[in-house]
Amino acid sequence: MSTKGQVIKCKAAVAWEHGKPLVIEDVEVAPPQAHEVRVKIVATGVCHTDLEYLYGRGKGMIRQFPLVLGHEAAGEVESVGAGVTGFSPGDKVIPLFLPQCGECERCKGTKTNQCRKNWANTQTGVLADGTSRISYQGQQVYQFIGVGSFSQYTVVPDTSLAKIRSDAPLDKVCLLGCGVSTGYGAALNTGKVEENSTCAVFGLGAVGLAAVMGCHAAGAKRIIGVDYNPDKLAKAVAFGATDCVNPKDHCKPIQEVLMEMTGGGVDYALECVGQPAVMTSAFESTSDAGGTCVIAGWTETEGLTLQIEKLLLGRTLKGTYFGGWKSVQDVPKLVDAYMNQKLKLDEFITHTLPLDRVNSAFDLIRRGESIRTVIGLWSRSDGPAEFKAPPLDDVNEFPTSGGCEGSK
Ligand code: CU
Ligand code: ZN
């Protein structure tokens, strides 16, 4: 029986307040309006940004509750609103937190992927008309960065959706909705890593490992992975890292260690942590003449200090958002790259969980035990989940040195 034009009742993990675990609720998802598409979400990754939004205290984000988190997903089109021409029911798709309208100045140019269509609305968790399509007993539930994929159904604008090939496994390609695309593109599109260059990647979670993979794809001859978690360092080797450095093993600041290791600094440093001290270390580990530092991590923390005079001999400092990819046109190409074994995805997935275990995925991130957990929206576990909500502000500090006491 077709659900087109009708309100769909389904399960979603709802964030009721800041700092509290998600609750599985029966929500209602309204039909898509003009230029919107309703998507049946099949799988979604759990990204550090979801955790940060719920448990972090940063001031940069506008936090409105109740809210459906999740923004790294894949699914199938259920129905389309009036005026939608590019999508039909059954199409496999990846929702996009960064749209590509194809009509604005930025979309037409080659300088940036920062389409501004619906930007402010997306940031506050609503669609173009200022409301969301998800509700709970009549109360509006916001959609995180315009997506809200911890729900069996969601509605997105047709400019925030990539149509992908029909044979793509949704439980894998969902990772292209955020983390893997971000890191891979940070190296290839933003850093423009060159053949035979020397690179350092700071932070070896999903974004960092994808950055390592990007450096490797670009033909870098030396790729130095930097992390304090030995398991993640080991994993980086499988993605193409040639050297691993643990800041805790060193008495000096990590940038000095890298300077010595490389005889004057790396050609490319990619920061994939999102902490001010690590950003400084990454910047200062680049070659003073011609080195490029790309900031791919996101931070709301104040207190970033960079010595601008360190740019004077020719360093470049860049930021990247969604890896510089033009989302609608490039995500299907990344799916192709995965299908042709040119890009890894399976190796990022350390855990798979049903929707009612989504809080456990946050635990795994906090304990540094997962790279990516993929949530299957349509599977449920049988018993109650054990979970203790983490304290607010519980962000693991990434050390940039071991300190001289007790280190090697
Ligand atoms: Cu993300
Ligand atoms: Zn645009």
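The buried residues of helix α9 pack against β11 (198-202), α8 (254-262), β14 (268-271), β15 (292-295) and β16 (316-319). Here buried means under 20% relative accessible area, while exposed means over 50% and partly exposed lies in between, with a 1.4 Å probe and protein chains only. Helices (H or I, at least four residues) and strands (E, at least two) are DSSP runs, numbered from the N terminus. In α9 (residues 276-284), 8 of the 9 residues are buried, so this helix is largely enclosed by the rest of the structure. The buried ones are P276, V278, M279, T280, S281, A282, F283 and E284.

A word on what you are looking at: this is a predicted model, in which local features need pLDDT of at least 70 and side-chain atom pairs count only at pLDDT 80 or more, whereas totals for chains, interfaces and linings use all residues. Residues are numbered from 1 along each chain as its sequence is written, chains are lettered from A and ligands numbered from 1 in the order in which they are written, and side-chain values use heavy atoms, with hydrogens and water left out.

Let us step back to the whole protein. It has 11 helices and 18 strands. Its radius of gyration, taken over C-alpha atoms, is 21 Å, close to the 22 Å from the globule rule (2.2 Å times the number of residues to the power 0.38) for 408 residues, so the protein is as compact as a globular protein of that length. The C-alpha trace spans about 65 × 45 × 35 Å along its principal axes. Of the 408 residues, 57% count as buried. Contact means heavy atoms within 4.5 Å, and among contacts with a separation of 6 or more, residues 24 or more positions apart account for 72%.

The protein is divided into domain 1 (8-177 + 344-376) and domain 2 (183-320), with bounds that come from an automatic or database domain assignment. The C-alpha centres of the two domains lie 29 Å apart, and 14 residues of domain 1 are in contact with 14 residues of domain 2.

What lies between the domains? The largest nonpolar core does, because both domain 1 and domain 2 give residues to it. A nonpolar core is a set of buried Ala, Val, Leu, Ile, Met, Phe, Trp, Tyr and Cys residues joined through side-chain atoms within 4.5 Å. Of the 107 residues in this core, L69, V173, L343, F348 and F362 touch the most other members. Helix α6 (residues 206-217) gives the most to the core, with 8 residues. Leaving aside neighbours within four places in sequence, L343 is in contact with L176, V180, Y184, M213, L334, A337 and Y338. Apart from this core lies another, of 17 residues, including V278 and M279, which you met as buried residues of α9.

Now for the metals. Donors are N, O and S atoms within 2.8 Å of the metal (3.2 Å for Na, K and Ca); water is not among the atoms, so sites may look incomplete. The zinc ion (ligand 2) has as protein donors C101 (SG), C104 (SG), C107 (SG) and C115 (SG), lying 2.3 to 2.4 Å from it. Along the chain they follow the spacing C-x2-C-x2-C-x7-C. C104 lies in the loop between β6 (92-95) and α2 (105-108) and C115 in the loop between α2 and α3 (119-124), so the pair ties together parts that are 11 residues apart in sequence. The 4 donor atoms subtend angles of 102 to 119°, which makes the arrangement tetrahedral (for four donors, all angles between 85 and 135 degrees). C104 counts as partly exposed at 22% relative accessibility, whereas C115 is buried at 0%.

The copper ion (ligand 1) has C47 (SG), H71 (NE2) and C178 (SG) as protein donors, lying 2.0 to 2.2 Å from it. These donor residues are spaced C-x23-H-x106-C in sequence. C47 sits in the loop between β3 (36-45) and α1 (48-55), and C178 in the loop between α4 (170-173) and α5 (179-191), so that this pair, 131 residues apart, links distant parts of the chain. Both C47 and C178 are buried.

Finally, visit two single residues. T320 has its place in the loop between β16 and α10 (327-339) and counts as buried at 15% relative accessibility. Not counting residues up to four places away in sequence, T320 touches A186, T190, V294, I295 and A296. V156 lies in strand β9 (residues 153-157) and is buried, with a relative accessible area of 0%. Its contacts, leaving aside neighbours within four places, are E36, V37, V39, P95, G146, V147 and L161.

Key. Four donors count as tetrahedral if all angles lie between 85 and 135 degrees; four count as square planar and six as octahedral if opposite donors are over 155 degrees apart and all others between 65 and 115; anything else is irregular.
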